[in-house]
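Please look through the sequence and the model that follow, and keep both at hand while reading. The paragraphs after them go from one part to the next.

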2 protein chains.
Amino acid sequence: MKSSGGGKPNRITIRDVAADANVSVAAVSKVLREAYGVSPSMRSKVHSSMAKLGYRPHTAARGMRGQTFTLGLILPDFRNPFFADIIDGSHDALAGTQYQALIGINRTTPTVDEGLVNSMIDRQMDGLLIVGANDQAQLIEIAKRTPLVTIGNHHSSNQVYDTVNNDDDEAARLAVRHLVESGYRNITMLSLISDSTIIKERERGYRDEMNRLGLGRFARIVNASQTPQDVQKTARAILTAPDRPEAIFCWTDFIALQVIGVATELGRRIPDDIAIVGHDNTMYCDFAQNSLTSVDQSGQMLGLKAASLLIERIKGRETPEHYLVAPRLVVRNSSIRRTPARPAAAS
Amino acid sequence: MKSSGGGKPNRITIRDVAADANVSVAAVSKVLREAYGVSPSMRSKVHSSMAKLGYRPHTAARGMRGQTFTLGLILPDFRNPFFADIIDGSHDALAGTQYQALIGINRTTPTVDEGLVNSMIDRQMDGLLIVGANDQAQLIEIAKRTPLVTIGNHHSSNQVYDTVNNDDDEAARLAVRHLVESGYRNITMLSLISDSTIIKERERGYRDEMNRLGLGRFARIVNASQTPQDVQKTARAILTAPDRPEAIFCWTDFIALQVIGVATELGRRIPDDIAIVGHDNTMYCDFAQNSLTSVDQSGQMLGLKAASLLIERIKGRETPEHYLVAPRLVVRNSSIRRTPARPAAAS
DNA sequence: TTGTAGGCGTTATCAA
DNA sequence: TTGATAACGCCTACAA
């Protein structure tokens, strides 16, 4: 009666379902939550009434008392298509569950935008998945307020949130090993200016592998900021220096493509004059004019694993998990030596 | 008293603020909503109490009776960096308001994922901004349920939602005019297989401009699917046909870069043998090895305008608005004829 | 201009 | 196993 009243079509509530199924609202709520203590017959009665009436739970009302079945996914920016893979992976993990991921964009990387975090917590999201943040103290504070999993943050010593990461150390080793096997020895790493742990890890892998292969004297890390201007200026400096390298391992594909651009403008042939390796294996690597060798970090796997861990955490797990995904090298033309090696510049 | 009770730190509510400020809860609520009928002195008292206590409104509770100040932004996919500009624009429009945009990814383009829409409406979002959907009937149904603005959908005859669009007709005209001015006449358009209105608009602009310039006999639209395999197969077919064109206007930069790749593999020089123009002016156009002329549609402007319109609609506007953003051509090396024109293939 | 008293739809506690 | 009912925090008549 009550809900068939006024002008606009009233929302179908748990009460309508209860009336239709001839059970109590408490019973319907239990069925809804898959809570303990409902008989199969009751469950099926309720389910068919819900279907018949087209009942949809009111998330705001649920948020008043219990879960919203909403996860907040915080991403640093959108321009690297790699992040789309993370999203795909987390969606895959959520398919078939009641959970829904909603995405917010963090415009203050590497710190997390407090306003965004607050707004997600205010909206009673059940947990947060934060990508690319690196302020450990801040993350610990956030983890005190809500279940938290991070991607792209190697602070695995913490006890309050889970981490999922590409094995960045191994990623750099893969690149170095491949280049050395292809005959390059004077290999520079073009990295970013940042105190991010993923950068530290990858730089460590590069250094260690160079040392391990007896090429420590060639090891050189150059750090640039993200801006195209700075990347290109830095690339030009590297490529025109007297002790210029035979190969450059770049932080991302986007940076690698800029290096190819600068090298091309300088009249250098790739890979004969200079070999280039990127990171992320984005779709732009595959063009004939780029054909960029790159390290593939499975964003899909990272997202999938992270979302699964987050749900476990929401369901009560307290012990932290720290998961590493193995990278994979995809070789293309930019790093295959076609002509005999000339002597290394500084040998 | 009540909220200083038990074990875990209780949430600070409107009631605590009211007590601290020595006013009623209704007064605090009014201040919160910037509603009519609050004295300046009361407002400032309440504001300082909120700040002092660190009060944060409980969005779920607000959603039970009023607004959630949350907008749903539905995007088709992430891989085109152009969408990041839309997000930036909508964030710019929302900065300084109480509104927060939360993003959902639609995996069923060109139809909108009903599950995603429902989940956003269930979460009491105040309005939806849908990008890249084209099922007009479905959009009208959605608009009946919630305030709606679309981007990338030229169904401007509807009376229930607002549309914001790139002027796709003009975008194609810009490309054609530029190519003709650079000496190309046999210009093919490489478009997509789809009944999207943006595609129809752009194809119309292409055809009309070719006709207007007396080049109707050269007008040819080839449609491919989005997959790299199909794009590359189609590009190869176009580039090796006996009546092959002098220039190709491509649906997106990504497609254009693939065409450049195929042309390069075929030993064609760009732009001497074949000129290429893309669309979206993404950051990948700028590399020396690509240097792709492209039409810039201001995603930032599209997002900004759309979010503004959505807020207007939420605040009560009923009359539809349909807004067109002017595109802009950015010329690079891929379309500047360097050598004298040879006779058009089929003249 | 301010205050009081339901009520929004759901969950969870407790009794039956 | 089921049901009655008091919260949850905010909004909005209505009253003062």
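Which oxygen of DNA strand D does a polar side-chain atom of B:Tyr55 lie 2.4 Å from? The model is a predicted one, and in it that partner of the B:Tyr55 side chain is a phosphate oxygen of DNA strand D. The backbone takes part as well, since a polar backbone atom of B:Ile14 is placed 2.6 Å from a phosphate oxygen of the strand. The bases are also reached, for a polar side-chain atom of B:Arg15 lies 3.3 Å from a base nitrogen of DNA strand D. Two or more residues of the surface near this strand come from each of several elements, namely α2 and α4 of chain A and α1 (14-21), α2 and α4 of chain B.

Taken as a whole, the surroundings of DNA strand D comprise 29 residues, the closest being A:Ser39, A:Arg65, B:Ile14, B:Arg33 and B:Tyr55. By type, the residues of this surface divide into 14 nonpolar, seven polar and eight charged. On the side of the DNA, sugar or phosphate accounts for 61% of the strand D atoms within 4 Å of the protein, while the rest belong to bases.

DNA strand C can be read in a similar order. Here a backbone N or O atom of A:Ile14 lies 2.6 Å from a phosphate oxygen of the strand, and an N or O atom in the side chain of A:Tyr55 is 2.4 Å from a phosphate oxygen. Chain B contributes too, with a polar backbone atom of B:Ser24 at 2.4 Å from a phosphate oxygen of DNA strand C. The elements that give two or more residues to the surface near this strand are α1 (14-21), α2 (25-33) and α4 (59-65) of chain A, along with α2 (25-33) and α4 (59-65) of chain B. There are 26 residues around DNA strand C, of which A:Ile14, A:Arg15, A:Arg33, A:Tyr55 and B:Ser24 come nearest. Eleven of the residues of this surface are nonpolar, seven are polar and eight are charged. Of the atoms of strand C within 4 Å of the protein, 63% belong to sugar or phosphate and the rest to bases.

How are the two protein chains related? In general, two copies of a chain are related by a rotation about an axis and a shift along it. In this model, a rotation of 180 degrees with 0.0 Å of shift along its axis superposes chain B on chain A, with an RMSD of 0.1 Å, which means that the relation is that of a two-fold axis. The same surface serves both copies, as 98% of the contact residues of chain B recur in chain A.

One residue through which to view the meeting of the chains is B:Met64, which lies in helix α4 of chain B. Leaving aside neighbours within four places in sequence, B:Met64 is in contact with A:His58, A:Ala60, A:Ala61 and A:Met64. With a relative accessible area of 40%, B:Met64 is partly exposed. Within its own chain, the C-alpha atom of B:Met64 is separated by 8.3 Å from that of B:Gln124, although the two residues are 60 residues apart along the chain.

The last stop is helix α8 (residues 168-181) of chain A, whose 14 residues reach 20 Å from the first C-alpha to the last, close to the 20 Å expected at 1.5 Å a residue. This helix is mostly covered, with ten of its 14 residues buried, among them A:Asp168, A:Arg173, A:Leu174 and A:His178. After α8(A) comes A:Gly183, whose phi is positive, near 105 degrees.

Key:
Residues are numbered from 1 along each chain as its sequence is written. Chains are lettered from A and ligands numbered from 1 in the order in which they are written. This is a predicted model: local features need pLDDT of at least 70, side-chain atom pairs count only at pLDDT 80 or more; totals for chains, interfaces and linings use all residues. Side-chain values use heavy atoms; hydrogens and water are left out. A residue is near a molecule or strand if one of its heavy atoms lies within 4 Å of it. A polar contact is a pair of N or O atoms within 3.5 Å; within protein, one must be able to donate a hydrogen and the other to accept it, and residues adjacent in sequence count only if both atoms are side-chain atoms. Helices (H or I, at least four residues) and strands (E, at least two) are DSSP runs, numbered from the N terminus. Ala, Val, Leu, Ile, Met, Phe, Trp, Tyr, Cys and Pro count as nonpolar, Asp, Glu, Lys and Arg as charged, and the others, Gly among them, as polar. Buried means under 20% relative accessible area, exposed over 50%, partly exposed in between (1.4 Å probe, protein chains only). Contact means heavy atoms within 4.5 Å. Copies are superposed by least squares on the C-alpha atoms of residues with pLDDT of at least 70 in both. The expected span of a helix is 1.5 Å times one less than its number of residues.
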